[in-house]
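Here is a friendly walk through the side-chain contacts and strand pairing of one protein chain. Have the viewer open and follow along.

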Amino acid sequence: MKKKLLIVTVIALFFLTGCAKAIEMTDEQNDMVAEYAAGVLIRRSYSYKLKYPNINTERPTEEPTTPEVPVIDPIDETTPENETNPNESKYKLGEILGISPVEVTYKEYKVLDEYPDDPDAIFTFEAEEGYKLIVLEFNLHNPTEEAVTVNTAKSGFVFKADINEERFNNYANLMLNDITNLNNVVIGAGEDYKGILVFVDDEKDAANIKDFTLLVKIEDRNTEILKIK
């Protein structure tokens, strides 16, 4: 709460003082103000207020042009080493996103009212009444001996999910760790970074997920890349 109070105070001072006197802040305080402002924008934006039923088939606005994706051979699921993990992606997500050599591994999904579910978070975004956020978590691992800078924000990727026989587009948000919105994220040598992907569904369906398949457009086709158990 102290962090949030500091940010609100700084923003209020900015608007009250105008350009008469510059407010000096540390880099960390600048980042906090920027993230808080992003949180305010997402709550006030038109896209955030769209009714969720409109996103379970097509986006309300025109989808971006399908990005160029390298031709990737799916993993051979008949091999013994791939029979033990039902959540293993059929394709290498790092290659699909164009962020190799970073390795992207699916970890789990959570059904939430808001994200992040952390009382110390600078800002959060919430599901509207009657809906739930379905947040997929991924581990991004840099296996190299040098830092890697990751960017996906301008790639135009649209992930889809088939959940209980309904299709959903991934929910656009301003979280800095959304794997479709990574902007100059630096992952140190041998280090890991947590990424997310968000979908929104009716709270009744979200409470009883039986089938969950993740897809992405590859060569103009919605291709299954992950069957989630």
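The sections below take up the sheet, the cores, the aromatic pairs, the salt bridges and one loop glycine.

## Sheet and hairpin

Please keep in mind that this is a predicted model. A good place to begin is the open sheet, in which four strands follow the order β7-β6-β10-β11 with antiparallel pairing. Its edges are β7 (166-169) and β11, each of which pairs on one side only. On average, and with direction ignored, neighbouring strands in this sheet are turned by 30 degrees against each other.

At one end of that order, strand β10 (residues 212-218) and strand β11 (residues 221-228) run antiparallel and are joined by seven bridges. If you would like to trace the register, F212 has I228 as its bridge partner in β11, and L214 is partnered with L226. The two strands form a hairpin with two residues between them. One turn residue to look at is E219, which has a positive phi of about 55 degrees.

## Nonpolar cores

How many residues does the largest nonpolar core have? It has 34, and those with the most contacts inside it are L136, F138, L140, F159, F199, L214 and I225. L214 was met above as the bridge partner of L226, so to speak a familiar face.

A second core is separate and has twelve residues, including L112, F125, I196 and V200. As general background, nonpolar side chains in soluble globular proteins tend to be buried together.

## Aromatic pairs

There are five aromatic pairs in the structure. One of them brings together Y106 and F138: the ring centres are 5.8 Å apart and the planes stand at 70 degrees, so the pair is edge-to-face. The cut-off behind that label is an angle over 60 degrees. Y106 sits in strand β1 (residues 103-112) and F138 in strand β4 (residues 131-141), so this contact ties together parts that are 32 residues apart in sequence. Y106 and F138 are both buried, and F138 is also among the residues with the most contacts inside the largest core.

F157 and F159 make another aromatic pair, this one tilted, with 6.4 Å from centre to centre and 35 degrees between the planes. F157 counts as buried because its relative accessibility is 9%, and F159 does so at 0%. F159, like F138, is listed among the residues with the most contacts in the largest core.

Y115, F125 and Y171 form one aromatic cluster. F125 is the residue to select if you want to move from this cluster to the second core, since F125 belongs there too.

## Salt bridges

Four salt bridges turn up in a search of the whole structure. E137 forms one of them with K110, and the closest N and O atoms are 3.4 Å apart. Because E137 lies in strand β4 and K110 in strand β1, the pair ties together parts 27 residues apart in sequence. Is E137 buried or exposed? With a relative accessibility of 8%, E137 counts as buried, whereas K110, at 27%, counts as partly exposed.

E137 also forms a salt bridge with K194, where the closest N and O atoms are 3.9 Å apart. This pair links distant parts of the chain, with K194 in strand β9 (residues 192-202) and E137 in strand β4, 57 residues apart. K194 counts as partly exposed at 44% relative accessibility. Through shared partners, the salt bridges join K110, E137 and K194 into one network.

D113 forms a salt bridge with K132, and here the closest N and O atoms are 2.6 Å apart. D113 is in the loop between β1 and β2 (114-115) and K132 is in strand β4, so that pair links distant parts of the chain, 19 residues apart. D113 is partly exposed, with a relative accessible area of 48%.

## A loop glycine

Finally, take a look at G98, which is placed in the loop between α4 (93-97) and β1. G98 is exposed, with a relative accessible area of 58%. Along the chain, G98 and V150 are 52 residues apart, and their C-alpha atoms are separated by 8.9 Å.

Note on methods
Residues numbered from 1 in each chain as written. Predicted model: local features only at pLDDT ≥ 70, side-chain atom pairs only at ≥ 80, totals over all residues. Heavy atoms only, no water. Phe/Tyr/Trp six-rings, centres within 6.5 Å; stacked < 30°, edge-to-face > 60°. Buried < 20%, exposed > 50% of the residue type's maximum accessible area, 1.4 Å probe, protein only. Pairing = 2+ DSSP bridges. Core = buried A, V, L, I, M, F, W, Y, C linked by side-chain atoms within 4.5 Å. Salt bridge = Lys/Arg side-chain N within 4 Å of Asp/Glu carboxyl O. Axes fitted to C-alpha atoms, helices over the stretch in contact; angles between N-to-C directions.
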